[in-house]
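Q: Please take a close look at one part of this model. Then go on from there to the other side-chain pairings and the cysteines, in one connected account.

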Amino acid sequence: MTPDVTQTGSMKFDTVVLGAGIVGVCVALHLQKRGRQVALIDRKLPGNETSFGNAGLIQREGVYPYAFPRGLGTLLRYARNQSPDVRYHADAILKTMPFLWQYWRNSHPAKHAAIARSYSTLIEHCVSEHRALAADAGASALLRPIGWIKVFRTDAVRDAETRLVERWHDEYGVEFDALDPARLQQMEPALDTSLRGGLCYTASDSVSDPNALVTAYAKYFEALGGRFFIGGADTLREGWQVDTEAGTISAESAVVALGPWSDRLSAQLGYRLPLAVKRGYHMHYAPRDGARLNHPVLDVENGYLLAPMARGIRLTTGAEIAHRDAVRTPVQLAAVEPVARTLFPLGERLDDEPWMGRRPCTPDMMPVIGPAKNHRGLWFAFGHAHHGLTLGPITGRLLAEMMTGEETVVDPWPFRVERF
């Protein structure tokens, strides 16, 4: 559909969505499905920033967002900056200290439990919303409804994790199978035979190619009449206008869905939001000797995950606390690769260099979804941390319902920007 042209020569839309990662694409798609004329804008093609590289999990079990460790032993281990699951740049710690302090406070068990009661309302829709969009987009083959597995190298960690998921089951109905070593070997014959068992989260899905899934959603958006433009979100100005390679876009409303860059644009508009970044890396490998990995597998004690992807076996690292645009330092990948080779027979590297992405995080572990308080027609959808892929479709639906005045699928109040 051809957009209207204003007297100033700009192209007129109902809404401009800034950011074409999984969240922005899903917001644009849900608005377009509701009859809005939407322009989706990014500096790259859809799904080619943070959404390009992740573990490919749609985490139905993720009712408790990832908390800041509070145990003294764990904190001392992280302080040495040699842990495989968390590393930090020393020059970033001082800048992020206020964020980390609030993150640590919100990770107190009582506060974390209260957060989970709100967060779980989004999580409970994550798989069903993805499956619905994938079916409409002709992309269901990219989803694997087989769950994913945590594996354990010690009995103590296995037993602690099992007690934890039993509590999640009692509180939120999280589905799981406890796997003894024999059952684990039956499901994943190529894994290290010394493992002490596993947990399979059976209600979760995984994705064989996250970039392909976001691309499929974006193509569906365009098939419905939506338009994608290459442009710079930092040119957004009240009105709402933004410059693109095709010309100026003008819209009645704007959505900031820029992931780890959202705070930069929101700050230009006068909002000071506590957004920090956890960086992460991935690399693809060929399997050796015809070995097959059937499920995504997390090595709990060593903080990395192996996932079967269209390109090969993807090894994803834990979190790196660093400035968003600091030089890449894939030391975690180098540290865990030898360990991963003992877990599964990895062959040669398939990528020229490690990929790096940035997870946008808030100190209360919940995303920002809703209207900006000081600007009419401005909306936010970012801060999903480790669960951007998981929560993209439900976020898109919720925000579209809010913007069109529909009854919302969940209560949006806990995710309002005014909480900061």
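A: **Asp42 and its surroundings**

In this predicted model, the side chain of Asp42 reaches the backbone nitrogen of Ala20 at 2.7 Å. The same side chain also reaches the backbone nitrogen of Lys44, here at 3.3 Å. Asp42 itself is found in strand β3, which covers residues 38–42.

Asp42 is buried and yet has no salt bridge. The nearest side chain of opposite charge belongs to Arg43 and is 4.8 Å away. A salt bridge requires a nitrogen and an oxygen within 4 Å, so the distance of 4.8 Å to Arg43 does not qualify. What the Asp42 side chain does reach includes the two backbone nitrogens, that of Ala20 and that of Lys44.

If residues up to four places away in sequence are set aside, Asp42 touches Gly19, Ala20 and Gly21, together with Phe228, Phe229, Ile230 and Gly231. The record adds a label for part of this neighbourhood: an unreviewed UniProt entry lists residues 12–31 as "transmembrane region". In the model, the chain over residues 12–31 is 50% helix and 35% strand. The C-alpha atoms at the ends of residues 12–31 are 16 Å apart.

**Salt bridges elsewhere**

Asp42 has no salt bridge, but a search of the whole structure finds 27 of them. One of these joins Arg196 to Asp155, with the closest N and O atoms 2.8 Å apart. The pair links distant parts of the chain, 41 residues apart: Arg196 is in the loop between α7 and β9 (198–201), while Asp155 is in helix α6 (residues 155–172). Both partners count as partly exposed, Arg196 at 35% relative accessibility and Asp155 at 33%.

Another salt bridge is formed by the side chains of Asp85 and Arg77, at 3.5 Å from N to O. Arg77 is partly exposed, with a relative accessible area of 31%. The side chains of Asp289 and Arg288 also meet, at 3.2 Å from N to O. In that pair, Asp289 is exposed, with a relative accessible area of 73%, whereas Arg288 is partly exposed at 39%. Salt bridges also link Arg34, Glu129, Arg397, Glu401 and Glu406 in a network.

**Gln185 in helix α7**

An uncharged side chain also makes a polar contact to the backbone: a polar atom of the Gln185 side chain lies 3.4 Å from the backbone oxygen of Asp192. Gln185 is placed in helix α7, residues 181–187, and is partly exposed at 22% relative accessibility. Beyond its neighbours within four places in sequence, Gln185 is in contact with Leu191, Asp192 and Thr193. Gly198 comes 13 residues from Gln185 in sequence, and their C-alpha atoms are 9.9 Å apart.

**The cysteines**

A disulfide is a covalent bond between the sulfur atoms of two cysteines. With a cut-off of 2.5 Å between the sulfur atoms, the count is zero disulfides. Cys200 is in no disulfide, and the nearest cysteine sulfur, that of Cys126, is 15 Å away. Cys200 is buried, with a relative accessible area of 2%. For Cys361 the closest cysteine sulfur is likewise in Cys126, and the distance of 18 Å is too far for a bond. Cys361 is buried as well, at a relative accessible area of 4%.

Terms used: Residues numbered from 1 in each chain as written. Predicted model: local features only at pLDDT ≥ 70, side-chain atom pairs only at ≥ 80, totals over all residues. Heavy atoms only, no water. Helix = DSSP H or I, 4+ residues; strand = E, 2+ residues; numbered from the N terminus. Buried < 20%, exposed > 50% of the residue type's maximum accessible area, 1.4 Å probe, protein only. Lys, Arg positive; Asp, Glu negative; His and termini not counted. Polar contact = N/O pair within 3.5 Å; in protein donor to acceptor, adjacent residues only side chain to side chain. Contact = heavy atoms within 4.5 Å. UniProt positions renumbered as here; feature names shortened; annotations may be inferred.
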